[in-house]
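Welcome, and please open your viewer with both chains loaded. We will walk along the place where they meet, one selection at a time.

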Number of protein chains: 2
Amino acid sequence: MRQGDTLCFENPPVIRAFAAVGGKREAGSPLKEGFDRLYTDNYLGKPSWEQAEQALQTGCLEQLLAKAGLGPGQVDLVFAGDLQAQCTASSYTMRGLDAPFAGLYGACSTMAEALGLAACMAAAGLGQRVLALTSSHFCAAERQFRTPLDYGGKRTPTAQWTATAAGGCLVSPSGEGVRVKAVTFGRVRDYGVKDINNMGAAMAPAAIQTLLHFFEDTGARAEEFDCLYTGDLGRVGSRLLARLAENEGLALPPHRDCGCLLYGEGPEAVGAGGSGAGCSASVLAAHILPRLLRGEEKRVLFVATGALMSQTTFLQRESIPCIAHLVELESPAAKEREEEP
Amino acid sequence: MRQGDTLCFENPPVIRAFAAVGGKREAGSPLKEGFDRLYTDNYLGKPSWEQAEQALQTGCLEQLLAKAGLGPGQVDLVFAGDLQAQCTASSYTMRGLDAPFAGLYGACSTMAEALGLAACMAAAGLGQRVLALTSSHFCAAERQFRTPLDYGGKRTPTAQWTATAAGGCLVSPSGEGVRVKAVTFGRVRDYGVKDINNMGAAMAPAAIQTLLHFFEDTGARAEEFDCLYTGDLGRVGSRLLARLAENEGLALPPHRDCGCLLYGEGPEAVGAGGSGAGCSASVLAAHILPRLLRGEEKRVLFVATGALMSQTTFLQRESIPCIAHLVELESPAAKEREEEP
């Protein structure tokens with residue numbers, strides 16, 4: 001059922017299985033225990049970073065299918081995307097999976113876009129086993145969006161670090177698992193930020209916009225949620241989110257950012273935090289969904305943000321349009337509680 | 001209802017309005033009468049081809065909203081995509097439309113992907129006014145995928161010409177208009193073709209694959225359809241499609257290709273035909289949908305094909321994975337016929 005921009009599912013679809021894989025730096029993550037596979041070589045034995053990302057996404061897909069107990073022929077539809085020019089990590093990965101495929105692009109917001117669309121298809125009965133899958137690779141992304149690594153560009157304190165990681169979910173109309181209660185697809189917002197090394201600042205307005213819509217559409221209150229997970233505003237964008245919420249008079253649930261969670265605050269912290277289509281996707285599968293499954297949190301918002309520029313638009317001195325998609329998730333424990341007499 | 005890979009809608013959603021715009025070469029198209037706006041300057045008054053494509057897509061959006069009688073605030077969701085790296089033509093266009101947006105990438109298949117997803121959302125009651133919108137620009141695409149125009153690269157006889165065009169549709173759960181009866185999302189196929197100047201050969205196997213699924217899933221027969229419109233196999237890919245169908249023992253409806261239709265066979269013909277995300281989209285809106293509305297055709301298949309490589313994967317000597325999405329369209333005249341006593 002549509003309420004404003006928000007789609008509320010009367011029979012919420014279910015995340016039946018999920019998987020996360022990561023690279024070398026992610027193997028030192030505070031969340032490492034939640035990953036299904038961690039690679040010690042960021043080339044994954046391939047001759048290029050681009051092919052390494054395909055292998056990373058393929059590795060995530062294999063883990064996901066194995067955990068779900070599915071053969072490749074049993075997938076109804078895959079929504080997948082990544083940061084490589086023209087989404088090639090996903091398209092080439094899909095050569096190895098004989099299943100219907102719809103390619104998406106939402107930069108770092110792609111996982112929420114994919115999960116939202118998968119939930120819509122499952123809720124409508126248009127797919128029994130729908131996958132949402134995204135990835136990013138630090139080295140491929142730097143070459144794509146900024147400068148080749150060999151150039152040795154200096155990173156500013158506001159710069160985020162693209163995660164070498166992938167995450168995936170299997171969504172079904174019913175069954176055991178975390179439930180997708182609602183989805184809000186975001187609207188593009190551009191506050192005129194032009195610094196590709198400060199994406200947190202560019203993306204925070206999009207996140208606030210989507211949150212304003214969600215709370216207005218549903219009438220929900222911040223205290224109904226255990227956590228607001230954004231992905232990936234990093235430290236700079238997270239501070240701006242709090243400021244923008246205050247300006248708007250919007251109360252937020254306790255806030256954590258996937259980019260900050262992935263690399264932590266300790267010695268393994270990187271710049272202003274992590275980012276990339278694989279960052280929020282892997283934190284979702286390695287941390288958020290397991291917490292919901294264990295009942296440590298009952299109801300959370302997952303809001304993935306994306307900066308929709310390219311290297312060409314940056315060189316042409318365009319500002320950065322951004323988007324944020326929201327997915328409301330509920331623990332199976334919350335359902336049991338509801339069903340008690 | 002899902003039958004194999006094919007989604008058959010019990011209450012088919014309706015294309016309530018549609019629009020097509022084109023550039024200078026397209027102004028000489030045999031289909032020019034069907035276009036809503038034709039620009040005589042491929043820069044559209046902008047300083048770069050990339051910005052020109054944004055203006056082109058914006059022009060198409062304006063025409064579509066005007067024909068549908070909608071204000072910008074009345075759109076529930078937009079599915080849009082293009083060929084520029086990281087889909088920037090669409091993302092930047094969406095700055096100007098305050099509406100929920102999901103970015104897609106399917107190369108030249110993007111219009112069928114967008115229309116298919118829009119139909120799913122409308123059929124499921126998850127959107128009353130869902131847009132599908134795609135564009136391409138010859139000059140932006142050449143720089144993106146091959147070489148800058150200034151380089152003056154020689155074109156081979158198998159090369160297709162990326163259309164400078166955009167097309168869009170408004171899909172609603174019910175009302176007057178052409179009905180979307182079924183959608184088949186395609187599977188990635190890669191027959192090892194590496195020549196980026198012969199995309200027709202790369203894409204034909206994906207088209208056959210999707211057609212095989214559709215006919216097997218639905219039990220429909222070729223003679224039930226007035227036309228099979230592919231977009232965009234061009235002349236080379238169209239010949240291969242016929243050959244592959246013969247090999248598979250698959251009877252096809254009378255076949256037309258959007259890439260061949262757009263520039264015709266006369267003196268305005270270009271290479272092996274047109275291509276690009278805006279080619280099949282504009283031919284759909286300028287030719288196919290008007291024919292269905294006028295009752296000149298009752299039931300057709302629209303199968304848009306996409307070559308999912310990038311300049312990086314080409315330079316890394318990868319082959320070209322391809323995909324084809326199918327949308328079954330029915331004339332309102334066919335519905336009236338059904339309803340006769």
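Start with a single pair: select A:Asp98 and B:Arg187. In this predicted model, their side chains form a salt bridge, with 3.3 Å from N to O. Altogether, 10 salt bridges are counted between chain A and chain B. Switch on polar contacts next: 30 residue pairs, both partners at pLDDT 80 or more, are found in polar contact across this interface.

Now colour chain A by secondary structure. Which elements give two or more residues to the side that touches chain B? They are α1 (49-68), β5 (77-81), α2 (88-93), β6 (101-103), α3 (110-123), α4 (138-145), α9 (311-315) and β15 (322-330) of chain A. Pause on α3(A), which gives the most, with 4 residues. Colouring this side of chain A by residue class shows 29 nonpolar, 17 polar and 12 charged residues.

Next, select every residue in contact with the other chain: 58 of chain A meet 58 of chain B. Then show the surface. The two chains bury about 4,600 Å² between them, and 55% of that lies on carbon and sulfur atoms. On the chain A side, pick out A:Arg2, A:Gln86 and A:Leu126, which lose the most area to chain B and together make up 16% of what that side buries.

Finally, superpose chain A on chain B: a turn of 180 degrees with a shift of 0.0 Å along the axis gives an RMSD of 0.0 Å. The two copies are therefore related as by a two-fold rotation axis. To find that axis from chain A, go to A:Leu104, whose C-alpha is the nearest, 2.1 Å away. The copies meet through the same surface, because 100% of the interface residues of chain A are also interface residues in chain B.

Definitions and conventions
Residues are numbered from 1 along each chain as its sequence is written. Chains are lettered from A and ligands numbered from 1 in the order in which they are written. This is a predicted model: local features need pLDDT of at least 70, side-chain atom pairs count only at pLDDT 80 or more; totals for chains, interfaces and linings use all residues. Side-chain values use heavy atoms; hydrogens and water are left out. Contact means heavy atoms within 4.5 Å. Buried area is the accessible area (1.4 Å probe) that two parts lose on being put together, summed over both. A salt bridge is a side-chain nitrogen of Lys or Arg within 4 Å of a carboxyl oxygen of Asp or Glu. A polar contact is a pair of N or O atoms within 3.5 Å; within protein, one must be able to donate a hydrogen and the other to accept it, and residues adjacent in sequence count only if both atoms are side-chain atoms. Ala, Val, Leu, Ile, Met, Phe, Trp, Tyr, Cys and Pro count as nonpolar, Asp, Glu, Lys and Arg as charged, and the others, Gly among them, as polar. Copies are superposed by least squares on the C-alpha atoms of residues with pLDDT of at least 70 in both.
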